[in-house]
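Here is a friendly briefing on side-chain interactions, arranged by topic. Please have the model open as you read.

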Amino acid sequence: GEIYLLTSSPRELSLAKLGKIGIDANLFSRKFYSDIPGIGSKLEGEAFDYVLKKSIYKAPQHFSVGDRVNSDIIPVKKRGMKSILVHGISEEADFCISEINELEGLLL
């Protein structure tokens, strides 16, 4: 499988944020930043449509991980993707975890 990064932040800010929390950007096989022309909004769902068009995988084979229900969970559910909410609890999400480091145990 592949690990994608889809973020509402521009490239430089995203790389700085990842570095600050100790995640190497090279972990991601593809990166989608908000400053890519034509990517659109996560909140409105266009960014997820953009990623799905670029992916060889069908929507149900994707997991989206995020901390905002309105922009990270609801739009992906409408597209048939699976969702994981971090730092919260919501019936909208397929899974909820307290910390991002719990992700590995959930997916393995």
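Let's start with one charged pair: arginine 79 and aspartate 49 meet through their side chains in a salt bridge, at 2.6 Å from N to O. This pair links distant parts of the chain, with arginine 79 in the loop between H3 and strand S4 (82–86) and aspartate 49 in helix H2, 30 residues apart. Please keep in mind that the model is predicted. The points below cover the salt bridges, the nonpolar cores and the aromatic pairs.

**Salt bridges**

- The structure holds four salt bridges, and the arginine 79–aspartate 49 pair is one of them.
- Is arginine 79 buried or partly exposed? Its relative accessibility is 23%, so arginine 79 counts as partly exposed.
- Aspartate 49, at 29% relative accessibility, also counts as partly exposed.
- Aspartate 94 and lysine 77 form another salt bridge, in which the closest N and O atoms are 2.7 Å apart.
- That pair, too, links distant parts of the chain: aspartate 94 belongs to the loop between S4 and strand S5 (95–97), lysine 77 belongs to helix H3, and 17 residues separate them.
- Both partners count as partly exposed, with relative accessibilities of 32% for aspartate 94 and 30% for lysine 77.
- The side chains of aspartate 72 and lysine 42 also meet in a salt bridge, at 2.6 Å from N to O.
- Because aspartate 72 sits in helix H3 (residues 69–78) and lysine 42 in the loop between strand S2 (30–32) and helix H2 (46–54), this bridge ties together parts that are 30 residues apart in sequence.
- Here aspartate 72 counts as buried, at 3% relative accessibility, and lysine 42 is buried as well, with a relative accessible area of 12%.

**Nonpolar cores**

- In soluble globular proteins, nonpolar side chains tend to be buried together.
- The largest nonpolar core has 12 residues in all, including Tyr4, Leu6, Phe32, Ile39, Tyr50, Val76 and Met81.
- Strand S1 (4–6) and H2 are the elements that give two or more residues to this core.
- Which element gives the largest share of this core? That is H2, with five residues.
- Isoleucine 39 is a core member whose contacts, leaving aside residues up to four places away in sequence, are Leu6, Phe32, Tyr33, Ser34, Glu46, Ala47 and Tyr50.
- Another core, of five residues, lies apart from the largest one, and among its members are Leu18, Ala25, Phe28 and Tyr33.

**Aromatic pairs**

- The structure holds three aromatic pairs.
- Why is the pair of phenylalanine 32 and tyrosine 50 edge-to-face? The ring centres are 6.0 Å apart and the planes stand at 80°, and planes over 60 degrees apart count as edge-to-face.
- Phenylalanine 32 in strand S2 and tyrosine 50 in helix H2 are 18 residues apart, so this pair links distant parts of the chain.
- Both phenylalanine 32 and tyrosine 50 are buried.
- Phenylalanine 63 and phenylalanine 95 make a tilted pair, at 6.3 Å centre to centre with 35° between the planes.
- This tilted pair links distant parts of the chain: phenylalanine 63 is in strand S3 (residues 63–66) and phenylalanine 95 in strand S5, 32 residues apart.
- Both of its rings belong to partly exposed residues, with relative accessible areas of 40% for phenylalanine 63 and 36% for phenylalanine 95.
- One aromatic cluster is formed by Tyr4, Phe32 and Tyr50, and these residues are also listed in the largest nonpolar core.

Technical notes
Residues are numbered from 1 along each chain as its sequence is written. This is a predicted model: local features need pLDDT of at least 70, side-chain atom pairs count only at pLDDT 80 or more; totals for chains, interfaces and linings use all residues. Side-chain values use heavy atoms; hydrogens and water are left out. Helices (H or I, at least four residues) and strands (E, at least two) are DSSP runs, numbered from the N terminus. Buried means under 20% relative accessible area, exposed over 50%, partly exposed in between (1.4 Å probe, protein chains only). A nonpolar core is a set of buried Ala, Val, Leu, Ile, Met, Phe, Trp, Tyr and Cys residues joined through side-chain atoms within 4.5 Å. Contact means heavy atoms within 4.5 Å. Rings of Phe, Tyr and Trp (its six-membered ring) pair if their centres lie within 6.5 Å; planes under 30 degrees apart count as stacked, over 60 as edge-to-face and the rest as tilted.
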